[in-house]
Amino acid sequence: MGALENVIDPELGIDIVNLGLVYGVDIDDNGDTTVTMTLTAMGCPLAGHIEQDVKRSLADLPELNEIKVNIVWNPPWTKDRMSRYAKIALGIPD
C-alpha cells in the first residue's frame with residue numbers, strides 16, 4: 001500500500017490510497033499481484049493513466065512479478081472511503 005501512495009489521481013491531486021480507491025491487493029505465492037480498485041466516476045478519461053501508474057509504482061518491488069489492475073464499480077466509491085488527510089486536503093467536512 002505504501003508504494004501505491006505514490007500514485008496520484010491527476011484530477012484531485014491526492015494519492016489513490018488516501019482517496020480510498022484501493023479496495024485490496026492480493027499477492028499469490030509466485031508474486032503475481034492483483035490490485036482491486038475503483039475510480040471516482042465511471043468513464044473516467046484518466047483510467048488508463050492511473051492503471052499504468054499503479055503498475056509502475058509496484059514494478060520496482062522485487063518480490064512482485066506480474067501485476068494486474070482490476071477496476072471494479074461495486075461497491076461504489078463514496079467520499080466516506082477517503083482518509084481524514086484527503087478530506088482535509090480537499091476541504092471536505094468529516
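## The loop around Pro-75

Pro-75 sits in the loop that runs between β3 (67-71) and α2 (84-90). In this predicted model, the peptide bond joining Asn-74 and Pro-75 is cis, with omega at about 5°.

Trp-73 is also placed in the loop between β3 and α2. Its relative accessible area is 33%, so Trp-73 is partly exposed. When residues up to four places away in sequence are not counted, Trp-73 touches Thr-38, Leu-39, Ala-41 and Met-42. For one of these partners, Ala-41, the C-alpha atom lies 8.8 Å from that of Trp-73, although the two residues are 32 positions apart in sequence.

## The loop around Thr-40

Thr-40 belongs to another stretch of the chain, the loop between β2 (33-37) and α1 (47-59). Is Thr-40 buried, partly exposed or exposed? Its relative accessibility is 28%, and the partly exposed class runs from 20% to 50%, so Thr-40 counts as partly exposed.

With residues up to four places away in sequence left out, Thr-40 touches Leu-12, Leu-21 and Trp-77. The C-alpha atoms of Thr-40 and Leu-19 are 8.7 Å apart in space, while the two residues are 21 apart in sequence.

## The segment before β1

Two residues of the segment before β1 (22-27) are described here. Val-7 is found in this segment, and so is Pro-10. Val-7 has a relative accessibility of 2%; the limit for buried is under 20%, so Val-7 counts as buried. Pro-10 has a relative accessibility of 40% and therefore counts as partly exposed.

Which residues does Val-7 contact, once its neighbours within four places in sequence are left aside? They are Ile-14, Asp-15, Ile-16, Ile-50, Asp-53, Val-54 and Ser-57. Val-7 and Arg-56 are 49 residues apart in sequence, and their C-alpha atoms are 9.0 Å apart in space.

Pro-10, with its neighbours within four places set aside in the same way, is in contact with Leu-46, His-49 and Ile-50. Ile-50 is thus listed among the contacts of Val-7 and among those of Pro-10. A separation along the chain can also go with a distance of another kind: Pro-10 and Gly-24 are 14 residues apart along the chain, and their C-alpha atoms are separated by 21 Å.

## The chain as a whole

The chain has two helices and three strands. Starting from the N terminus, the order of these elements is β-β-α-β-α.

How does the radius of gyration of the chain agree with that of a compact globule? A compact globule of 94 residues would have a radius of gyration near 12 Å, and the chain has 13 Å, so the value agrees. Along the principal axes, the C-alpha atoms fill a box of roughly 40 × 25 × 20 Å. Among contacts with a separation of 6 or more, 56% are between residues 24 or more positions apart.

## Surface and charges

Of the 94 residues in the chain, 36% are buried. The accessible surface comes to about 5500 Å², and carbon and sulfur atoms account for 49% of it.

The chain carries 7 positive and 15 negative charges. The mean position of the positive charges and the mean position of the negative charges are 8 Å apart.

## The annotated span

What does the UniProt record say about residues 2-70? An unreviewed UniProt entry gives them the annotation "domain: MIP18 family-like". In the model, this span is 19% helix and 22% strand. The C-alpha atoms at the two ends of residues 2-70 lie 18 Å apart.

Terms used. Residues are numbered from 1 along each chain as its sequence is written. This is a predicted model: local features need pLDDT of at least 70, side-chain atom pairs count only at pLDDT 80 or more; totals for chains, interfaces and linings use all residues. Side-chain values use heavy atoms; hydrogens and water are left out. Helices (H or I, at least four residues) and strands (E, at least two) are DSSP runs, numbered from the N terminus. The radius of gyration is taken over C-alpha atoms; the globule rule is 2.2 Å times the number of residues to the power 0.38. Buried means under 20% relative accessible area, exposed over 50%, partly exposed in between (1.4 Å probe, protein chains only). Contact means heavy atoms within 4.5 Å. Accessible areas come from the Shrake-Rupley method with a 1.4 Å probe; for residues, only the protein chains shown count as cover. Lys and Arg count as positive and Asp and Glu as negative; His and the chain ends are not counted. The place of a charge is taken as NZ of Lys, CZ of Arg, CG of Asp or CD of Glu. UniProt positions are given in the numbering used here, feature names are shortened, and annotations may be inferred rather than shown by experiment.
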